[in-house]
Amino acid sequence: MNHTAKLFSLIFFGLFSNGLSLKAQVINIYHKGWIDFNKNGKMDVFEDPAQPVEKRVANLLSQMNVDEKTCQMATLYGYKRVLKDSLPTPEWKTEIWKDGIANIDEQLNGVINGPERYYTNNLTYPYSNHAAAINQIQKWFVEETRLGIPVDFTNEGVHGLNHDRATPLPAPISIGSTWNRDLVFQAAQIEGAEAKALGYTNIYAPILDVSRDPRWGRVVETYSEDPYLISELGIQMVKGIQSEGVASTLKHFAVYSVPKGGRDGNARTDPHVAPRELQEMYLYPFKKVIEQ
């Protein structure tokens, strides 16, 4: 063995004997004020917090390939629904989300379908364990995907956060019957605070569908048949959730609640709507809430 090779061997095995990987020695993506998400050793425009959002988005898009863009259009339903793992595994490097994913929905919420529950190594509760698990998953996406795009951790919030240990709220049709803006705002704050504590970043609420056909199976999830009432309560729901630092996603844009003959099930909806109805009734709540 020549001197160069011997020196390299000593350095290489010395790193590993100290419990440090060669990768960790060469690449450090965490810097003061910014993260080297694409791991190229320099601050790109999309990694620079001082740059305008529009420029950061354009720069990131310019670096994405087709697979990465496609994955940012997809939802991965969480553990026990689609995702088979509660935490990252080595096999994730061969899964579709190796190129990233837009969001993981209902991850570790302790709910499968209806009243069915599950518990996983104390990851659903207490809240601190749940948040730590979410952070561990986020760390994988930042460090193990090419561009390190963080995941949006979403959850339903139709009548309280959809989590086994969250505060249940009345069905939206009951909330609508209160006509009480202040009470709705308070309920939304509770939902937002619990989501924040658990590590979720985005809540699917409020539902702004205008329900005019009682045969439709999801009328119970709507505030009422009145676009004005729906708008007023929807505004309070959004303000309450987002006051806790969590995003609010409006549902179900745009004429989801206009099923032909009230048909639901696998068809979900088959909207037949006239242009004037669309603009003046069904889009009205979305317009008013977004304007706030």
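The following exchange asks how several labels in this predicted model are justified.

Reader: Why is the pair of W92 and W140 called edge-to-face?

Author: The ring centres of W92 and W140 are 5.2 Å apart, and rings pair if their centres lie within 6.5 Å. Their planes stand at 85 degrees, and an angle over 60 counts as edge-to-face. Therefore both the pairing and the label follow from the cut-offs. The structure holds 8 aromatic pairs, this one among them.

Reader: What makes this pair a tie between parts of the chain?

Author: W92 lies in the loop between β3 and β4, whereas W140 belongs to helix α5, so the pair links parts 48 residues apart in sequence. Both tryptophans are buried. W92 and W140 also share one aromatic cluster with W97 and F141.

Reader: How do you know that the charged end of R165 sits over the ring of Y125?

Author: The charged end of R165 is 4.6 Å from the centre of the Y125 ring, and the distance limit for such a contact is 6 Å. Y125 also precedes a cis peptide bond, the one to P126, with omega near 5 degrees. P126 is in the loop between β4 and α5.

Reader: Why is E106 called buried, and K80 partly exposed?

Author: E106 has 7% relative accessibility, and buried means under 20%, so E106 counts as buried. K80 has 43%, which falls between 20% and 50%, so K80 counts as partly exposed. Each has a positive phi without being a glycine: about 60 degrees for E106 and about 80 degrees for K80. E106 is in the loop between β4 and α5, and K80 is in the loop between β3 and β4.

Reader: Which residues are closest to the centre of the largest pocket?

Author: They are E106, V111, E156, H159 and N162, out of 26 lining residues. The pocket holds about 660 Å³ of space. Its lining divides into 8 nonpolar, 9 polar and 9 charged residues.

Reader: What makes strand β5 largely enclosed?

Author: In β5, residues 152–156, 4 of the 5 residues are buried, so the strand is largely enclosed by the rest of the structure.

Reader: How do you know that β5 pairs with β4 and with β6?

Author: Strands pair if there are at least two bridges between them. β5 has 3 bridges with β4, in the parallel sense, and 3 with β6, also parallel. Therefore both contacts pass the cut-off. T154 of β5 stands opposite D105, and in β6 the bridge partner of T154 is N202.

Technical notes
Residues numbered from 1 in each chain as written. Predicted model: local features only at pLDDT ≥ 70, side-chain atom pairs only at ≥ 80, totals over all residues. Heavy atoms only, no water. Phe/Tyr/Trp six-rings, centres within 6.5 Å; stacked < 30°, edge-to-face > 60°. Helix = DSSP H or I, 4+ residues; strand = E, 2+ residues; numbered from the N terminus. Buried < 20%, exposed > 50% of the residue type's maximum accessible area, 1.4 Å probe, protein only. Lys NZ or Arg CZ within 6 Å of the ring centre and 35° of its normal. 1 Å grid on protein atoms, 1.4 Å probe; cavity = no way out; pocket = protein on both sides within 12 Å on 5 of 7 lines; lining within 4 Å. Points joined across faces, edges and corners; volume = space filled by probe spheres on them. Nonpolar A, V, L, I, M, F, W, Y, C, P; charged D, E, K, R; others polar.
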